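Hi,

Here is the structure I promised to send over. Have a look at it first, and my notes follow underneath.

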Amino acid sequence: MSDNTASLNVGGNSYDYAVMDGSVGPQVIDVRKLYANTGMFTYDPGFTSTASCESGLTYIDGDEGVLLHRGYPIGQLAEQSSFMEVSYLLLNGELPSKQELDEFTHTITRHTMVHEQLTTFYRGFRRDAHPMAIMCGVVGALSAFYHDSTDINDPEQRKIASHRLIAKMPTIAAMAYKYSAGQPFVYPRNDLSYTANFLRMTFSVPAEEYIPDPVVVDAMDKIFILHADHEQNASTSTVRLAGSSGANPFACIAAGIACLWGPAHGGANEAALNMLHEIGTVDRIPEYIARAKNKDDPFRLMGFGHRVYKNYDPRATVMQKTAKDVLEKLGVDDPIFDVAKELEQIALNDPYFIEKKLYPNVDFYSGVILSAIGFPTEMFTVLFALARTVGWVAQWNEMISDPAQKIGRPRQLYTGPVQRDYVPVSAR
Ligand code: SDX
């Protein structure tokens, strides 16, 4: 194999395929012609060795625990930036000037209201519907309300749809919470920041004003930053695949929400806190560690492990520090945080987890903070979807603008029956 080609010997023939370099990270072997050359497919269920696209948004080095958004380390963004600024960075590729940030924030702020008819849509759900079920339905229905921004070939309509999605997700998420709580919807206010507005729409009631606590606003904004984007994860790949058919952006984001809901993905934050509550006390941790290691037991440590990170998830580092800060500042003494920290210590010193390189991921500590702020567990994945919308939208825009993009259509290794003739029922 030369530096920039990979040779494949198959069926007595040799084929050369180009090796492509990124700006950093693994090279790729361009196998687009492999089927035409060999009549064979590559086989990669779960896409463990497959690059589905070219992207300049987010870079992850799983071995080193590195996460960059447009080149900026997640730790620096979480400590020094804001979710609005990170959203601008993901969408536009560069950090904004003050004027650019003010204009972007002004635009997003003035898209936060939703069509009043949407409130009727919510009333079709049972009050005990899971908020993620409501999110799937309501976001999918947005194309029925915002027809004028569904032409994916019109850059201006793509921009408006992108702004509408980023701006309206907090309102839709807060409405999902209010509906399940049986409380009246709270309208957005243009004098509040993106995150303060969301907290007020969630926790304010007509009987009592909710003044967002700056500690809570800062922690929530940091959590949004940590969840904004993450390369070609399952839900982002879902959004890209839906978008590759030309589906409108609202439908694509709804598809991403559906995929994110799974407990192996974004649903892990809800599952992780439920697991910590089930464990309950430090003395019961060994029992659950044993279950996690038992091949015959489907139980897994939720919030642990990752397809890409074989080192500490850098987001989990920030999340654990934020949890400590928020609990201290709010004066919340949550024994579940102690269980989480002890569980982490035991797992990180257990040969099973060390050998399999299983570390806490972004979902392990987030629930401790969200619970302290006052969110019910069922809302945790909704908050993940709210924040990840900017990443999904940025990835969708990048895909639409990529000249190499075409409809995604994987093939298969067929292992079903070979052709056979129909047998009438009288002869079976
Ligand atoms: C997110 O992709 C992304 O970037 C996702 C995300 C994002 O920001 O978009 O980072 C967000 O989804 C984080 C992950 C949240 N999920 C969980 O916390 C659920 C628990 N973790 C897992 O189920 C698992 O670790 C995955 C799904 C996250 C990753 O699974 P992989 O890469 O397919 O790995 P695997 O299932 O093949 O596991 C490898 C081995 C297996 O053992 P063996 O079959 O080799 O003997 O590790 C074991 C697994 O049994 N293992 C675990 C474990 N995770 C993996 N054992 C116990 N507890 C766990 N949590």
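Let me start with the ligand. Asparagine 361 puts a polar side-chain atom 2.9 Å from one of the ligand's oxygen atoms. Bear in mind throughout that this is a predicted model. Lysine 356 also reaches the ligand through its side chain, where an N or O atom sits 3.0 Å from a ligand oxygen. With alanine 264 the backbone does the work: a polar backbone atom there is 2.8 Å from a nitrogen atom of the ligand. As for overall cover, the ligand on its own would expose 1,000 Å², and the protein buries 77% of that.

Which residues come nearest? Out of the 24 residues around the ligand, they are His230, Leu301, His306, Arg315 and Arg388. The shell as a whole is mixed in class, with 10 nonpolar, 7 polar and 7 charged residues.

I also looked at two helix pairs. The usual way to describe two packed helices is by the angle between their axes and the distance between those axes.

The pair that comes earlier in my notes is α3 (residues 83-92) with α4 (residues 98-109). Their axes lie 10 Å apart and cross at about 100°, so α3 is roughly perpendicular to α4. On the α3 side the contact is made by Met84, Glu85, Ser87, Tyr88 and Leu91, and on the α4 side by Glu100, Leu101, Phe104, Thr105 and Ile108. Sorted by class, that contact comes to 6 nonpolar, 2 polar and 2 charged residues.

Then there is α12 (residues 268-279) against α15 (residues 335-348), packed at an angle of about 95° with 10 Å between the axes. That angle means α12 is roughly perpendicular to α15. From α12, the residues involved are Leu273, Met275, Leu276, His277 and Ile279, and they meet Ile336, Val339, Ala340 and Leu343 of α15. What is the class make-up of the contact of α12 with α15? It has 8 nonpolar residues, 1 polar and no charged.

If you open just one view, I'd go for the ligand with asparagine 361, lysine 356 and alanine 264 displayed.

Cheers

Terms used: Residues numbered from 1 in each chain as written. Predicted model: local features only at pLDDT ≥ 70, side-chain atom pairs only at ≥ 80, totals over all residues. Heavy atoms only, no water. Near = heavy atom within 4 Å. Polar contact = N/O pair within 3.5 Å; in protein donor to acceptor, adjacent residues only side chain to side chain. Areas by Shrake-Rupley, 256 points an atom, 1.4 Å probe, with all protein chains shown as cover. Nonpolar A, V, L, I, M, F, W, Y, C, P; charged D, E, K, R; others polar. Axes fitted to C-alpha atoms, helices over the stretch in contact; angles between N-to-C directions. Helix = DSSP H or I, 4+ residues; strand = E, 2+ residues; numbered from the N terminus. Parallel < 35°, antiparallel > 145°, perpendicular 65-115°, else oblique. Contact = heavy atoms within 4.5 Å.
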